[in-house]
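Thanks for passing this one along. Here are my notes, as numbered points; please have a look at the model alongside them.

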Amino acid sequence: YKGLIGFEAGTQLDLKIAKSVWISIQPSYSQQGTRISYNVWNKYEPVDSVQINLNYFSVPVLLKVSFINQRFYAIGGIETSYLLDNAVSSHDEEQDIDLKISEWNVAIHFGIGMRIPLGFPKLFVELRYAQGIINITDEPIYTSYVPRVKTTGFKLFTGIEIPLKRMKD
């Protein structure tokens, strides 16, 4: 399996529940995918056989805990995603493969982030690891062209935080 690089765009709403703790709700559009290679008899290197591209509407609900003057934070939580569309293609065939992909995906997230003050708004940079906890292929493994798959990968986010009101922290 080789991950594909995708794009994610969204917004976030952080609700403060303690001095250094927030609940963060982050609806977004997310592109994900993989390239699956198979070993072929008489070939030294694996051959790219299947490529899967997935587009999701995702709603992560995360807990942020800040430290060191609230510039750095740890983040973790759960994401529920709805599949908007998918494309599954084979490099061995001219036509697309009919693969049943689950409409829903659930993943856990954990990572770290940093806020950089730019005056009133703040720039943030965040690195997360996401691990799917359910299989996204619905077919039984013995009849499926693609084995059972769970989403996984690193995500790098950057953006601007614009507070809705000035805080004295």
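1. I would start with a pair of charged residues: Glu161 and Lys64 are both buried, where buried stands for under 20% relative accessible area, exposed for over 50% and partly exposed for anything in between (1.4 Å probe, protein chains only). Their side chains form a salt bridge with an N to O distance of 3.7 Å; the term covers a side-chain nitrogen of Lys or Arg within 4 Å of a carboxyl oxygen of Asp or Glu. Distant parts of the chain are linked by this pair, as Glu161 sits in strand E10 and Lys64 in strand E6 (residues 47–67), 97 residues apart.

2. A word on the basis of these notes. The model is predicted, so local features need pLDDT of at least 70 and side-chain atom pairs count only at pLDDT 80 or more, while totals for chains, interfaces and linings use all residues. Numbering runs from 1 along each chain as its sequence is written, and side-chain values use heavy atoms, with hydrogens and water left out.

3. Which residues join Lys64 and Glu161 in a network of salt bridges? They are Asp14 and Arg115. For the structure as a whole, the count is 6 salt bridges.

4. Please also look at Lys155 and Glu8, whose side chains meet in a salt bridge at 3.2 Å, N to O. Lys155 belongs to strand E10 (residues 152–161) and Glu8 to strand E2 (residues 8–10), so this pair too connects distant parts of the chain, 147 residues apart. Lys155 is buried because its relative accessible area is 13%, whereas Glu8 counts as partly exposed because its value is 24%.

5. Arg128 and Glu126 make another salt bridge, at 2.6 Å from N to O. Arg128 has a relative accessibility of 2% and therefore counts as buried; Glu126, with a relative accessible area of 2%, is buried too.

6. Now the overall fold. The chain has 10 strands and 0 helices, taken as DSSP runs numbered from the N terminus (helices: H or I, at least four residues; strands: E, at least two). Along the sequence the pattern reads β-β-β-β-β-β-β-β-β-β.

7. Finally, some totals. Of the 169 residues, 32% count as buried. Among contacts (heavy atoms within 4.5 Å) with a separation of 6 or more, 62% are between residues 24 or more positions apart. The accessible surface is about 10,700 Å², with 60% belonging to carbon and sulfur atoms; the areas come from the Shrake-Rupley method with a 1.4 Å probe, and for residues only the protein chains shown count as cover.
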